[in-house]
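Open the model in your viewer and keep the selection prompt at hand. The stops below go from the sheet to the aromatic side chains.

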Amino acid sequence: MLGSEVDRPFVSQFGDALRQAGYSEAGLRQAVGTSSSLRHDPRGSEVARRRLATGNSLHTLIKAFCLGIPVPKNELTDAVGAATVDFLIRLALVRWEQDTFIPLTAIDAAQDLLIAHDPACRREPLMGDHVIGLGPAPRTLAALTVRLKAGRVLDLGTGSGIHALLALNHCDEAVATDINPRALAYTRFNAALNRLAIPTTRQGNLFEPLADDAFDLIVANPPYVLSPDSSLQFRDSGMAGDQLSRTVVREAARHLTGGGFASILVNWAHGEEEAWQAPLASWVRGVGCDALLLRFRTYDPVTYASLWIKEEAEFAETLDRWLSYYDGLGIRAMSSGAVILRRRSGVNWMRSAPMLSAPIQDASQHLLQIFDACDRLSRMPNTELLEQRFRPRPSHRIHRTGLSRGGSYAVEGQYLETITGIPIRVTLGEFGSRLLERLDRDKSLGSVTSELTPMRGMTSGDITRRAVQLVSQLFAFGFLEIEGSALEPRGFVVGIERKERSLVTS
């Protein structure tokens, strides 16, 4: 049976054969432009197939386990060996038909890991216990996870086990839970595939199988979709609206050790005119944790529903049913994002930021910097903040846009944007631009604000309040640092592109 202990040597040998052939994130991206399965994309799969050769072990494995294309018996045998092929047949990971092997599983690659999962074929209905691969959500969650040495780590809703396996690099014990027994089987299989220790696996819904266990790190990719259905375990929770996300956030806080972090993917509903972070703020209030709230994107109901049901055979009827469900709950807007918690005694702080729609790599260090900066701000009264000298921190850009007027360029707008860690943008406006230009490592923030000429309708008190608010935000998210810190200033990363009608600095 998939993932059973007796199969571990053969699973590990299969993983060795894949790696020896070059089946890796880099190898897949170089060969076909992606490291995730393309079986759901017939056109993309066909284009990729035409780039692959015959008689090449890596290309044979890519055809089988990335593209889902049947391969000749002799080619797969040459690639992984006859004994491994027999093992794959016994585990029903491939099927033999007339000297051809038909793959029944898919294998993605991320970092140094190979992750097997159920294939998803376009226009074919998914089974209720379908185990998903490495789409954008698990990759984003992996990037938004703090990587500190930990005793116990929980991967809640483990799916194919990616987060439990990543945690094995920096913890003593990884615990993986899922309501789906096939997900736990894939988790054990993937541990063996990568020659890693087998995580502790517990079957059950959310935190039910954990009793009062506490963890130094919790990583959660639960079935957060606002869905009226209960047919797909990875998507549908059976709970109304965003109740699932709220429950996971509040329960995760209860299961954290002191100083422990949790990274949780969430979806939530909010009013069209309501601040997107308002519902999340109510979830984290009083749970004993500091909280960073991140928004990925906001949707209207039609767009949101269509993303999750686009492969449904009866698309129009399903869309009507989902929209009626939202209408009945009074849902007019919903957002996707993440909640990052850290358990800490005392008065807790909360920060929020919209994340740009940009690829995100390892953001662990950036998260730690944000939490450290917000800790410092929480202990620092405004009078002390005004006494500090601030300077630009490395790893971000300043962008300026403007129009050509009378032979010169007039700046119209300006914003800052991170280039490492979490992709965050802060718009400066006229006041922010003036303040930023005057920040001086030899002058306190109070001295700088006293030199600013008030804009129309502003008093000196208004200047100070706005300066404190903006500088706190820039310091919290890593755009500024306080003079005297260990980092040496390198200023802003600036490049210039001139066009007939605009000036773009990036």
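The tour covers one sheet, a helix packed on it, and several ring contacts. The model is predicted.

**Stop 1: the sheet**

Select strands S6 to S13 and show them as a cartoon. Eight strands make up an open sheet with mixed pairing, ordered S8-S7-S6-S9-S10-S12-S11-S13. Its edges are strand S8 (200-203) and strand S13 (350-354), each of which pairs on one side only. From one strand to the next, the twist averages 20 degrees.

**Stop 2: a parallel pair**

Narrow the selection to strand S9 (residues 215-220) and strand S10 (residues 256-270). These two pair in the parallel sense, over five bridges. To find your place along them, pick Val219, which stands opposite Ser263 in S10.

**Stop 3: a helix on the sheet**

Add helix H12 (residues 301-309), which packs on the sheet. Which strands does helix H12 touch? The contacts are with S10, strand S11 (289-299) and strand S12 (333-343). Measured against the direction of S11, that of H12 makes about 90 degrees.

**Stop 4: aromatic pairs**

Now switch on side chains for Phe, Tyr and Trp. The whole structure holds twelve aromatic pairs. Take Trp322 and Tyr326 as an example: their ring centres are 6.4 Å apart and their planes stand at 90 degrees, so this pair is edge-to-face. The cut-off for that class is an angle over 60 degrees. Both residues belong to helix H13 (residues 315-329); because they are four residues apart there, about one helical turn separates them. Are they buried or exposed? Trp322 has 0% relative accessibility and counts as buried, and Tyr326 is buried too, at 1%.

Next, select Phe390 and Phe475. This aromatic pair is also edge-to-face, with 5.9 Å from centre to centre and 75 degrees between the planes. Phe390 is in strand S14 (residues 390-392) and Phe475 in helix H18 (residues 460-476), so the pair ties together parts that lie 85 residues apart in sequence. Phe390 and Phe475 are both buried.

**Stop 5: a ring cluster**

Return to Trp322 and Tyr326 and extend the selection to Tyr299, Tyr304 and Tyr325. Ring pairs link these five residues, Tyr299, Tyr304, Trp322, Tyr325 and Tyr326, into a cluster.

**Stop 6: a charge over a ring**

Finish with Arg90 and Phe10. The charged end of Arg90 sits over the Phe10 ring, 5.4 Å from the ring centre.

Methods
Residues numbered from 1 in each chain as written. Predicted model: local features only at pLDDT ≥ 70, side-chain atom pairs only at ≥ 80, totals over all residues. Heavy atoms only, no water. Phe/Tyr/Trp six-rings, centres within 6.5 Å; stacked < 30°, edge-to-face > 60°. Buried < 20%, exposed > 50% of the residue type's maximum accessible area, 1.4 Å probe, protein only. Lys NZ or Arg CZ within 6 Å of the ring centre and 35° of its normal. Pairing = 2+ DSSP bridges. Axes fitted to C-alpha atoms, helices over the stretch in contact; angles between N-to-C directions. Contact = heavy atoms within 4.5 Å.
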